[in-house]
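Q: I'd like to learn how to read a fold like this one, feature by feature. Can we go through it together?

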Amino acid sequence: QMCIRDRSYTVNLSLEEQTLSEFKLFPNPNHGNFYVQQNQNASFTLEIINAQGELIWRKDYSGLNSEIISPQLANGIYLARFSTENFQEYLRFVVID
């Protein structure tokens with residue numbers, strides 16, 4: 001298990017399934033490109049954070065479904081931080097060859 005701290009948030013990177021989520025990220029694991037589905041039709045910012053806690057990518061999106069074509073990501077575990085005007089959520093995802 002690994003935790004990443006971001007301001008006052010602690011994110012647990014356990015292998016347990018994440019439930020009660022506003023966002024869905026699939027497929028997971030993936031090859032660096034994936035889809036995002038959200039429950040609300042709101043604009044959001046997606047930030048990708050590596051296992052060392054470094055922000056490595058950021059982009060704004062809108063709509064219920066979005067295809068995410070991220071920069072070349074090395075194999076590993078990442079966090080996707082989704083931020084809307086009044087909500088923030090983290091999802092863990094794995095990149096493999």
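Q: Let's begin with a single bridge: which residue is the bridge partner of L25 in β4?
A: As a general idea, strands of a sheet pair through backbone hydrogen bonds, either parallel or antiparallel. In this predicted model, L25 is bridged to V36 of β4. That bridge belongs to the pairing of β3 with β4 (residues 33-38), which is antiparallel and runs over four bridges.

Q: What is the order of the strands in the open sheet of three?
A: Reading across, you go β3-β4-β7, and the pairing is antiparallel. β3 (23-26) and β7 (65-69) are the edge strands; each has a single partner strand, so one side of each has no neighbour in the sheet. From one strand to the next, the twist averages 20 degrees.

Q: And which order do the strands take in the open sheet of four?
A: Here the order is β6-β5-β8-β9, again an open sheet with antiparallel pairing. The edges are β6 and β9, and because each has a single partner strand, one side of each is left without a neighbour in the sheet. Ignoring direction, neighbouring strands are turned by 20 degrees against each other on average.

Q: How many bridges hold the pairing of β5 and β6?
A: Six: β5 (residues 44-49) and β6 (residues 55-61) pair in the antiparallel sense over that many bridges. You can follow the register residue by residue, since F44 has Y61 of β6 as its bridge partner, while T45 has D60.

Q: What should I look at in the hairpin of β5 and β6?
A: Look at the residues between the strands, of which there are five, and check the backbone angles there. G53 takes a positive phi near 85 degrees.

Q: Let's step back to the whole chain. How many helices and strands does the protein have?
A: The count is zero helices and nine strands, so to speak a plain run of β when you read along the sequence: β-β-β-β-β-β-β-β-β. Among contacts between residues at least 6 apart in sequence, 48% join residues at least 24 apart.

Q: How would I find the nonpolar core, and which residues touch the most other members?
A: The general idea is that in soluble globular proteins, nonpolar side chains tend to be buried together. In this structure the largest nonpolar core has 17 residues, and F34, L46, F82 and F93 touch the most other members. The elements giving two or more residues to this core are β3, β4, β5, β6, β8 (76-84) and β9 (87-95).

Q: Take F34, then. Which residues does F34 touch?
A: Leave out anything up to four places away in sequence, and F34 touches L25, F26, P27, L46, I48, S66, E67, I68 and F93. L25 is the residue we met at the start, bridged to V36.

Q: What about the protein as a whole: how much of it counts as buried?
A: Of the 97 residues, 39% count as buried. On the outside, the protein exposes about 6300 Å², and carbon and sulfur atoms supply 46% of that.

Q: Is S83 buried or exposed?
A: S83, in strand β8, has a relative accessible area of 18%, and the cut-off for buried is under 20%, so S83 counts as buried. Its side chain makes a polar contact with the side chain of Q88, at 3.1 Å. Leaving aside neighbours within four places in sequence, S83 is in contact with S43, F44, T45 and Q88.

Q: Now β9. Where does R92 fall, buried or exposed?
A: R92 is found in strand β9 and counts as buried at 14% relative accessibility. R92 and A80 are twelve residues apart in sequence, with 6.3 Å between their C-alpha atoms.

Q: What about F87: which residues is F87 in contact with?
A: F87 is another residue of strand β9, and at 33% relative accessibility F87 counts as partly exposed. Setting aside neighbours within four places in sequence, F87 is in contact with E22, F23 and F82. The pair F87 and E22 shows how to read sequence separation against space: 65 residues apart along the chain, and 9.1 Å apart from C-alpha to C-alpha.

Conventions
Residues numbered from 1 in each chain as written. Predicted model: local features only at pLDDT ≥ 70, side-chain atom pairs only at ≥ 80, totals over all residues. Heavy atoms only, no water. Pairing = 2+ DSSP bridges. Axes fitted to C-alpha atoms, helices over the stretch in contact; angles between N-to-C directions. Core = buried A, V, L, I, M, F, W, Y, C linked by side-chain atoms within 4.5 Å. Buried < 20%, exposed > 50% of the residue type's maximum accessible area, 1.4 Å probe, protein only. Contact = heavy atoms within 4.5 Å. Polar contact = N/O pair within 3.5 Å; in protein donor to acceptor, adjacent residues only side chain to side chain. Areas by Shrake-Rupley, 256 points an atom, 1.4 Å probe, with all protein chains shown as cover.
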